Amino acid sequence: MIDGLPQPDRRLGGPRLRTLLGAWQHGGPTYRALADGVRGLVRAGALPLGTRMPSEREVADALGVSRTTVTAAYDLLREERFLVSRRGSGTVTTTPAGAGSQPSALAGGAHDGVVDLTAAAPSAPAALHEACVDALDRLPHLLAGTGYVPLGLPVLRAAIAERYTRRGVPTTADQVLVTSGAQQALHLLMTAFVGPGDRVVVEHPTYPHAIEAARDAGARPVPVPVGPDGLDLDLLESTVRQTAPRLVYLVPDHHNPTGTSLDAAGRARVRDLARRYRTTVVGDETLTDLTLHGPEPVPFAGDGTDALVVCVGSASKTFWGGLRIGWVRAHRDLVGRLAQRRGSVDIATSVLDQLVTTALLDRFDELLPARRDLLRTQRDALVAMLGESLPGWRVPVPAGGLSTWVDLGAPVSTTLAALAHRHGVQVPPGPRFGVDGSLDDHLRVPFSAPVDALRRAVDGLAATWAGLEPGSAAPAGRGESLLV
């Protein structure tokens, strides 16, 4: 352990640091510019917690500066507690005390008049009522049974399998397990593959409840950065090689929260990585259907023959979170194993919800365009509002999904989130999406709410931002609600 941190899992080379730093020099002293660059990488999550830094000599050679300059920069970062050094362990990235603390959830949630941006989730489609009526018509045929179907209703499993097959991933119903939401699917996979002390590689930032699922299983999440251009595949491969994780968890399509997607070459590389290192890779496809512009992502599973590539899906984002329907697409042996494991949790998923979801999937091609049109309108409105009211923020326009990952330009996300409720907005801070207290210069802003609510939210964020002072601290006793 290093000051309470585990031994580093990976080592960063000098050339890689040079690439990450980019144009790091500015008008001040060179050692301060270098320290500013490294500090910014740690805060942004591009240098995850526990990364072993290159030696001072290696940095000097890579950057073309004197070793004295690097020594001064490292000393400054050690004083600020962004680096820590111990004999035999080298110099390792960390964060100042308290930077990684996560505030507890609000007890009462959002109250009247507060726009809740903690959940990137849409409201139900108008067709939901008709689907419920259809489900009730189908229900009598099932009432003679017990209602316990651990694998899921055959009709829904077949519909999900057919959806994968239409996308180019040949799938049979026995390769599908229906779960009570995608979150249960993640928990089942975590408990099936990992145990106390095992490592699970996750993107950084990523879906917070996936981090929690890994930790609930006793595993240690190992982060790999996701930048403006997507997942760092070189670092992903080196991390898998060096840490031998039991599981890799990725959000390949319209990533939550950054909105980036893996390209076809990246997906092929991930599948090859899974085969070469015999590591199971889970692709979270809950946002796959929500492409808003450009081509739809190619299937993460490729031709579907890789047993080490597992897909998780959900009806929550495409249709409605209240249905609590998710699924796992995997080799039939793993499907059976997970079905047995769920017996200690809930035995089976709600029959009525499964019938409703089946009815919605039957109308998938009819309903999806309207869902996409609405989200596209809301996305464009949000981006325009943020550009007008908060021009200093860097707001990417995601090609799909439900949120944009805003670069605030300063590590004040936690403070902003803590104060925003005073101006009628509830929003999670950037560090909520990481594992080590970094990411405080980013904010996830979803566009799943109606435009009028987004207008009030942006007004509240702008008012909060205007009241921030440099160095201000988040008030105690406030936090963000749980996220979906």
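Buried means under 20% relative accessible area, exposed means over 50%, and partly exposed lies in between (1.4 Å probe, protein chains only). Helices (H or I, at least four residues) and strands (E, at least two) are DSSP runs, numbered from the N terminus.

The model is predicted, so to speak of local features takes a pLDDT of at least 70 and side-chain atom pairs count only at pLDDT 80 or more, while totals for chains, interfaces and linings use all residues. Residues are numbered from 1 along each chain as its sequence is written, and side-chain values use heavy atoms, with hydrogens and water left out.

**Exercise 1. Find out why helix H14 (residues 413-420) is described as largely enclosed.**

Step 1. Start with burial: 7 of the 8 residues of H14 are buried, so the rest of the structure largely encloses this helix.

Step 2. Now name them: the buried residues are Ser 413, Thr 415, Leu 416, Ala 417, Ala 418, Leu 419 and Ala 420.

Step 3. Finally, look for the cover, where contact means heavy atoms within 4.5 Å. The elements covering the buried residues of H14 include strand E15 (425-426), strand E16 (442-446) and helix H15 (451-467).

**Exercise 2. Lay out the open sheet and place strand E11 (residues 280-284) in it.**

Step 1. Recall how strands join: strands of a sheet pair through backbone hydrogen bonds, either parallel or antiparallel. Here, two strands pair if DSSP finds at least two bridges between them.

Step 2. Write down the order. The open sheet has 8 strands, arranged E6-E13-E12-E11-E10-E7-E8-E9, and its pairing is mixed. Strand E6 (176-179) and strand E9 (230-231) are the edge strands, each pairing on one side only.

Step 3. Follow E11 towards strand E10 (residues 247-250): the two run parallel and are joined by 4 bridges. Tyr 249 has Val 282 of E11 as its bridge partner. Between E10 and E11 the chain passes through helix H10 (residues 264-277), in a right-handed β-α-β crossover. A crossover is right-handed if, with the strands pointing away from the viewer, the path from the first strand over the helix to the second runs clockwise.

Step 4. Turn to strand E12 (residues 309-314), which pairs with E11 in the parallel sense over 4 bridges. Gly 283 stands opposite Cys 311, and Asp 284 stands opposite Val 312.

Step 5. Check the burial of E11: 5 of its 5 residues are buried. Thr 280, Val 282 and Asp 284 point one way, while Val 281 and Gly 283 point the other way.

**Exercise 3. Continue from E12 to strand E13 (residues 326-329), and state the sense of their pairing.**

Step 1. Look at E12 itself: 6 of its 6 residues are buried. Val 309, Cys 311 and Gly 313 lie on one side, with Val 310, Val 312 and Ser 314 on the other, so to speak of E12 is to speak of a strand covered on both faces.

Step 2. Now the pairing: E12 and E13 are antiparallel, over 4 bridges. Cys 311 stands opposite Arg 329 of E13.

Step 3. Arg 329 also leads to a loop residue, as it is one of the contacts of Thr 171.

**Exercise 4. Describe where Thr 171 sits and what surrounds it.**

Step 1. Thr 171 is in the loop between H6 and E6, and it is buried, with a relative accessible area of 9%.

Step 2. Leaving aside neighbours within four places in sequence, Thr 171 is in contact with Ala 161, Tyr 164, Thr 165, Val 176 and Arg 329.

Step 3. The C-alpha atoms of Thr 171 and Asp 303 are separated by 9.4 Å, although their positions lie 132 residues apart along the chain.

**Exercise 5. Work out how helix H6 (residues 154-166) meets helix H12 (residues 351-362).**

Step 1. The axes come within 9 Å and cross at roughly 35°.

Step 2. The residues making the contact are Val 155, Leu 156, Ala 159 and Ile 160 of H6, together with Gln 354, Thr 357, Thr 358 and Leu 361 of H12.

Key
Axes are lines fitted to C-alpha atoms, for helices over the stretch in contact, and angles run from 0 to 180 degrees between N-to-C directions.
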